[in-house]
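Open the model in your viewer and show the cartoon. Keep the selection tool at hand. The tour goes stop by stop.

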Amino acid sequence: MSKIDILSLGFKELETALREMGEKPFRAGQIFKWLHCGDRVKSFEEMTDISKELRGRLEDSFEIVYPKAVRKLVSKKDGTRKILFELSDNNHVETVIMDYRHGKSICVSTQVGCKMGCTFCASTIAGFKRNLSPSEILTQIYSAENECGVHIDSVVLMGIGEPLDNYDNVVKFLGILSHPKGRNMSLRHVSLSTCGIVPRIKELAELRSGLTLSVSLHNTTNEGRSAIMPVNRRYDINELLDACREYTKATGRRISFEYAVIDGVNDSREDAKRLAKLLDGMICHVNIIPVNPVKERDYHSKKGSAAAFAKQLESLGINATVRRTLGSDIDAACGQLRREYEI
Ligand code: SAH
């Protein structure tokens with residue numbers, strides 16, 4: 001019988017599992033703390049306030065699995081660190097640690113590959129392999145803290161994969177990360193980025209979790225957006241923006257829109273005007289990003305065009321900033337390191 005991945009269990013599930021083993025529920029608090037607080041043990045052996053007998057039985061039923069860091073890159077420009085993790089089935093995912101003035105932020109992956117097919121994104125080129133489990137998302141944070149000796153202050157789900165296409169595991173991960181008896185990270189310090197899976201945005205709104213929702217918009221017409229983001233053929237811009245309004249209404253949180261400026265594709269004055277019109281009256285912010293060139297694609301962003309686009313939006317009354325490009329010397333764009341490693 002295969003062992004249970006204990007880091008993927010929420011607190012209540014751990015309590016239930018222990019009860020089924022004939023143990024008292026308070027054991028869950030002890031074990032959860034060993035797994036998610038302080039130095040975080042990697043074996044049951046290290047849980048010294050638990051009897052040897054129970055440690056043995058835990059060992060028989062559960063496993064504590066961490067990924068292996070197989071490559072680490074550090075940007076000479078800004079200290080951004082990128083780690084390539086090898087999972088237990090030899091798949092790889094990327095994690096990026098960024099230094100901001102307000103603290104350290106980590107960008108984690110939620111899937112191996114991606115099926116969304118956005119034409120500008122390296123993560124989707126080789127297709128989709130599988131979803132990450134809650135623990136495989138969580139241990140990117142824990143391992144990065146251990147590997148780099150840092151404390152992570154905020155988390156963005158913006159690495160490889162579409163988080164809302166792995167909804168159940170992502171929600172479970174969020175529950176474990178924010179549990180008061182564990183890592184206890186407020187979900188106000190977590191952002192989830194989606195290409196726009198509308199029904200899942202609505203479900204997420206119902207959770208009223210305090211999470212910041214980032215929406216990858218990248219275009220202002222349905223024709224243009226469908227050409228670079230196939231998901232738009234399923235859920236178009238109007239449906240998407242309606243879901244965003246619902247999200248803000250349910251949670252009180254403003255939406256953050258991502259807009260990667262691509263030469264000749266979405267950076268005209270008309271685009272800025274259309275975008276301002278689409279977002280008129282919404283509680284939101286637009287992050288303008290110069291498109292990160294991906295080897296397999298011919299997309300570029302002229303120097304200064306992101307700033308110019310942001311300025312146009314500002315003049316039209318839309319809150320917009322240019323996202324600082326971090327780690328440009330270590331290919332920090334999604335999926336690029338994994339592709340290099342696996343080719
Ligand atoms: N699937 C999710 C999260 C992963 S991608 C999403 O689509 O939001 C994280 C962000 O990086 C998204 O906004 C995505 O559109 C953007 N992105 C992907 N490739 C990019 C590139 N080459 N240049 C700039 N931004 C890119």
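Helices and strands here are DSSP runs, numbered from the N terminus; a helix (H or I) has at least four residues and a strand (E) at least two. By that count, N184 sits in the loop between α5 and β10. Remember that loop; the tour returns to N184. One caution before moving on: this is a predicted model.

**Stop 1: the whole protein**

Zoom out. The protein has twelve helices and 14 strands. Its C-alpha atoms fill a box of roughly 70 × 40 × 35 Å along the principal axes. How does the radius of gyration compare with that of a compact globule? A compact globule of 343 residues would come near 20 Å, and the protein has 21 Å, so the two agree.

Now show the surface. The accessible surface comes to about 15,500 Å². Carbon and sulfur atoms hold 49% of that area. Of the 343 residues, 55% are buried. Switch on contacts if your viewer draws them. Among contacts with a separation of 6 or more, 66% join residues 24 or more positions apart.

**Stop 2: the ligand**

Select the ligand and the residues around it. There are 18 of them. Which come nearest? They are F120, S193, S216, H218 and N292. Color the shell by class: nine residues are nonpolar, seven polar and two charged. Then look at the strands. β10 (190–194) and β12 (255–261) each supply at least two residues of this shell.

Next, show side chains and check three distances:

- S193: a polar side-chain atom lies 2.6 Å from an oxygen atom of the ligand.
- H218: a polar side-chain atom is also 2.6 Å from an oxygen atom of the ligand.
- E162: here the partner is a nitrogen atom of the ligand, 3.0 Å from a polar side-chain atom.

How much of the ligand does the protein bury? Taken alone, the ligand exposes 520 Å², and the protein buries 92% of that.

**Stop 3: helix α5**

Select residues 167–177, which form helix α5. Highlight Y167, V170, F173, L174, I176 and L177: these are buried. An α-helix has 3.6 residues a turn, so residues three or four places apart point the same way. Look for that pattern as you turn the helix.

What do the buried residues of α5 pack against? Select α2 (26–36), α4 (134–148) and α6 (198–207), then add β9 (154–157) and β10. You have met β10 before, as a strand that supplies residues to the ligand shell.

**Stop 4: two asparagines in loops**

Go back to N184, in the loop that links α5 and β10. Its phi is positive, about 55 degrees, although N184 is not a glycine. Is N184 buried or exposed? Its relative accessible area is 45%, so N184 counts as partly exposed; that class runs between 20% and 50%.

Now jump to N90. Find it in the loop between β4 (81–86) and β5 (92–100). N90 also has a positive phi in a residue other than glycine, near 70 degrees. With a relative accessible area of 52%, N90 is exposed, since exposed means over 50%.

**Stop 5: R234**

Finish at R234, in helix α8 (residues 231–234). Its relative accessibility is 62%, so R234 counts as exposed. Last, select Q312 as well. R234 and Q312 are 78 residues apart along the chain, and their C-alpha atoms are separated by 30 Å.

Notes. Residues numbered from 1 in each chain as written. Predicted model: local features only at pLDDT ≥ 70, side-chain atom pairs only at ≥ 80, totals over all residues. Heavy atoms only, no water. Near = heavy atom within 4 Å. Polar contact = N/O pair within 3.5 Å; in protein donor to acceptor, adjacent residues only side chain to side chain. Areas by Shrake-Rupley, 256 points an atom, 1.4 Å probe, with all protein chains shown as cover. Nonpolar A, V, L, I, M, F, W, Y, C, P; charged D, E, K, R; others polar. Buried < 20%, exposed > 50% of the residue type's maximum accessible area, 1.4 Å probe, protein only. Contact = heavy atoms within 4.5 Å. Rg over C-alpha atoms; globule rule 2.2 N^0.38 Å.
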